[in-house]
Amino acid sequence: MNSHDPYSALRLRNYRFYFIGNFIAYFGVQMQTTAVGWDIYTRTDSKLALGLAGLAQFFPVIVLFLLGGHVADRFNRKWVVACAVSLIAIASMGLALISYYQLDTRLIFGCLFLIGVARAFQQPARAALLPLIVPSEEFNNAVTWNSTGFHMASVLGPAAGGFFIKWFHGPTWVYIFDVVAAATFVVLLTMLRLYKKQVTQRNLTLQELAAGFQFIRRQQVVLGALLLDLFAVLLGGAVTLLPVFAEDILKTGPEGLGWLRAAPAAGALMMAIIIAHRPPLRRTGIVLLWAVIGFGAATIVFGLSKIMWLSLLMLFLTGAFDNISVVIRHTLVQTLTPDELRGRVSAVNSVFIGASNELGGFESGVVAHWFGPVVSVVSGGIGTIVVVALTALSLPTLRKFDRLDGGPQDK
C-alpha cells in the first residue's frame with residue numbers, strides 16, 4: 001500500500017518555481033488591494049469612489065474575457081501570463097508615482113483599468129497553465145498547494161499592507177513592493193519547462209470564442225455552482241467597504257484594516273486545511289447550499305457589529321464558508337474540462353467569480369453611498385440567503401449532487 005505524500009508537487013523543480021512566484025505575486029496583490037482602498041478613501045472620503053475602483057477593474061474583464069480565454073488556448077500560456085503580469089507591474093509603478101507626487105486621484109482609476117485588462121488575459125492563462133507544468137498524477141496535490149499559497153498570501157498580505165502604510169506614512173512603498181513581486185514572478189515563469197505540449201485552438205470565430213460558456217451551460221451542476229457563487233459574492237461582499245468600517249465604525253486605523261482584510265483569508269485557510277484532511281465530500285450540493293447560507297448570515301452579523309473581535313470573527317467565518325464553495329467549484333471545473341477548452345472555461349469562470357468581486361464592490365459602494373455602509377452589507381447578506389433559496393428550488397440537480405471524487409451519485 002503506497003503512502004500519501006502531501007509534498008509530492010513541491011518536490012518538483014518546475015512546480016516549486018511556479019508556487020514561489022505565484023505566492024509572491026499574490027502577496028503583492030493583496031498588499032496593493034489594501035493600499036488602494038485606503039488611498040482612495042482617505043483622498044476622497046467617498047464610499048462611491050471605493051465602488052468605482054471595483055468597476056474600473058471589472059469593466060475590461062467583462063469586455064475582454066472571451067478574447068482572453070481564446071488567447072490562453074491559442075498562444076503559449078506561460079508567456080501570456082508573463083506579459084499580463086508585466087502589465088500589472090507597469091500599472092503598479094503608475095500607482096506608486098501617483099501616490100508619491102500626490103497626482104490627480106482619477107489617475108488611480110486609470111491604473112486600475114490597466115490591471116483589469118491584464119487580469120482579463122492573466123486569469124484564464126494562469127488557471128490553464130498548471131496542468132502543463134506538473135504530471136497528471138501530481139495535479140490534485142498541486143491544486144491543493146496553490147489554494148494554500150493563495151490563502152496564506154491573503155492572510156499575510158493585507159496585514160503587511162496595513163503596516164507598510166503606517167510605517168512609511170502612505171501607500172507608495174506598498175505599490176513599489178507589488179512591482180518587485182510581479183517582476184519576480186515573471187522571472188520565475190521564464191524558468192519553467194512545460195511538462196506536456198499545449199493543445200492549441202487555431203480558429204478565431206465567435207463560436208470558438210464562446211465555446212467555454214457553451215461547455216459550462218451543458219454542465220448544469222457546474223453552472224449552478226458558478227451562479228450561486230456569483231450572486232453570493234455580488235450581493236454579500238463586505239470587503240470593499242472595509243476601509244469605511246475600519247475608519248468610521250470600528251475606528252481601528254490602517255493596522256486594523258489590514259487585520260480585517262486578512263480575517264476572511266484566515267478563515268479560508270483554516271477551512272482548506274480541514275477539507276484537505278477529510279475524506280472526499282458527500283452530499284456536495286447540500287453542503288454547498290448551507291455554506292453559502294452561512295456566508296450570508298456571517299455577513300449580516302458583521303454589518304451590524306461595532307465590536308472589533310466580533311467583526312473579525314464574522315469575517316473569518318465568511319472566508320471559511322466561502323472556501324467550501326471555492327473547493328467545490330474548482331474541483332468540478334478542473335475535473336470536467338478538457339485541456340483544449342481550459343483557457344476559455346477559465347475565462348468564463350473568472351467573469352463569474354473573479355470579476356464579480358469588483359462588480360460586487362461597485363454595488364456595495366453605490367448602496368453605501370445612498371443608504372450607508374451598514375445597510376449595504378446587511379442587505380447584501382439577506383440577498384445572498386434569498387439567492388440560495390431560489391437556487392435550491394430551481395436547480396434540483398445541484399441540490400441532489402453527491403460526490404466530488406467521481407464516485408456514484410446518490411439517487
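**Exercise 1. Is Thr 105 buried, partly exposed or exposed?**

Solution. This is a predicted model.
- Step 1: locate the residue. Thr 105 sits in the loop between α3 and α4.
- Step 2: take its relative accessible area, which is 18%.
- Step 3: apply the cut-off. Buried means under 20%, so Thr 105 is buried.
- Step 4: list its partners. Leaving aside neighbours within four places in sequence, Thr 105 contacts Arg 43 and Thr 44.

**Exercise 2. Describe the overall make-up of the protein chain.**

Solution.
- Step 1: count the secondary structure. The protein chain has 16 helices and 0 strands.
- Step 2: check burial. Of the 411 residues, 57% are buried.
- Step 3: look at contact range. Among contacts with a separation of 6 or more, 86% join residues 24 or more positions apart.
- Step 4: turn to the surface. The accessible surface is about 18000 Å², and 68% of it belongs to carbon and sulfur atoms.

**Exercise 3. Find the largest nonpolar core and follow one of its residues.**

Solution.
- Step 1: size it. The largest nonpolar core has 42 residues.
- Step 2: find its hubs. Ile 40, Leu 95, Leu 112 and Phe 302 have the most contacts inside this core.
- Step 3: find the main contributor. Helix α1 (residues 13–44) supplies the largest share, 7 residues.
- Step 4: note the other core. A second, separate core of 33 residues includes Val 71, Ala 72, Ala 125 and Leu 192.
- Step 5: go back to Leu 112. Not counting residues up to four places away in sequence, Leu 112 touches Val 36, Ile 40, Ala 53, Ala 56 and Gln 57.

**Exercise 4. Classify Leu 114 by exposure and place it among its neighbours.**

Solution.
- Step 1: locate Leu 114. Its helix is α4 (residues 106–133).
- Step 2: classify. Its relative accessible area is 34%, and the partly exposed class lies between 20% and 50%, so Leu 114 is partly exposed.
- Step 3: list contacts. Beyond neighbours within four places in sequence, Leu 114 meets Leu 87 and Ala 91.
- Step 4: check one distance. Gln 57 is 57 residues away along the chain, yet the two C-alpha atoms are separated by 7.7 Å.

**Exercise 5. Which residues form the nonpolar surface patch, and how much area do they have together?**

Solution.
- Step 1: name the members. They are Met 93, Leu 97, Tyr 100, Tyr 101, Leu 103 and Leu 107.
- Step 2: give the area. Together they have about 620 Å² of accessible area.
- Step 3: trace the source. Helix α3 (residues 77–100) provides the largest share, 3 residues.
- Step 4: test one member. Met 93 belongs to helix α3. Its relative accessible area is 35%. A patch residue needs over 30%, so Met 93 passes that cut-off.

**Exercise 6. Analyse two aromatic pairs.**

Solution.
- Step 1: start with the total. The whole structure holds 15 aromatic pairs.
- Step 2: take Phe 163 and Trp 259. Their centres are 6.1 Å apart, with 85° between the planes. Planes over 60 degrees apart count as edge-to-face, so this pair is edge-to-face.
- Step 3: place the partners. Phe 163 is in helix α5 (residues 139–167) and Trp 259 in helix α11 (residues 253–276), 96 residues apart.
- Step 4: check exposure. Phe 163 is partly exposed at 26%. Trp 259 is partly exposed at 44%.
- Step 5: take Phe 164 and Phe 177. Their ring centres lie 6.2 Å apart and their planes meet at 70°, so this pair is edge-to-face too. Phe 164 lies in helix α5 and Phe 177 in helix α6 (residues 172–190), 13 residues apart in sequence.
- Step 6: widen the view. Ring pairs join these four residues into a cluster that also includes Phe 23, Phe 27 and Trp 167.

Notes
Residues numbered from 1 in each chain as written. Predicted model: local features only at pLDDT ≥ 70, side-chain atom pairs only at ≥ 80, totals over all residues. Heavy atoms only, no water. Core = buried A, V, L, I, M, F, W, Y, C linked by side-chain atoms within 4.5 Å. Buried < 20%, exposed > 50% of the residue type's maximum accessible area, 1.4 Å probe, protein only. Helix = DSSP H or I, 4+ residues; strand = E, 2+ residues; numbered from the N terminus. Contact = heavy atoms within 4.5 Å. Patch = residues over 30% accessible without salt bridge, like charges linked within 9 Å, V, L, I, M, F, W, Y side chains within 5 Å. Areas by Shrake-Rupley, 256 points an atom, 1.4 Å probe, with all protein chains shown as cover. Salt bridge = Lys/Arg side-chain N within 4 Å of Asp/Glu carboxyl O. Phe/Tyr/Trp six-rings, centres within 6.5 Å; stacked < 30°, edge-to-face > 60°.
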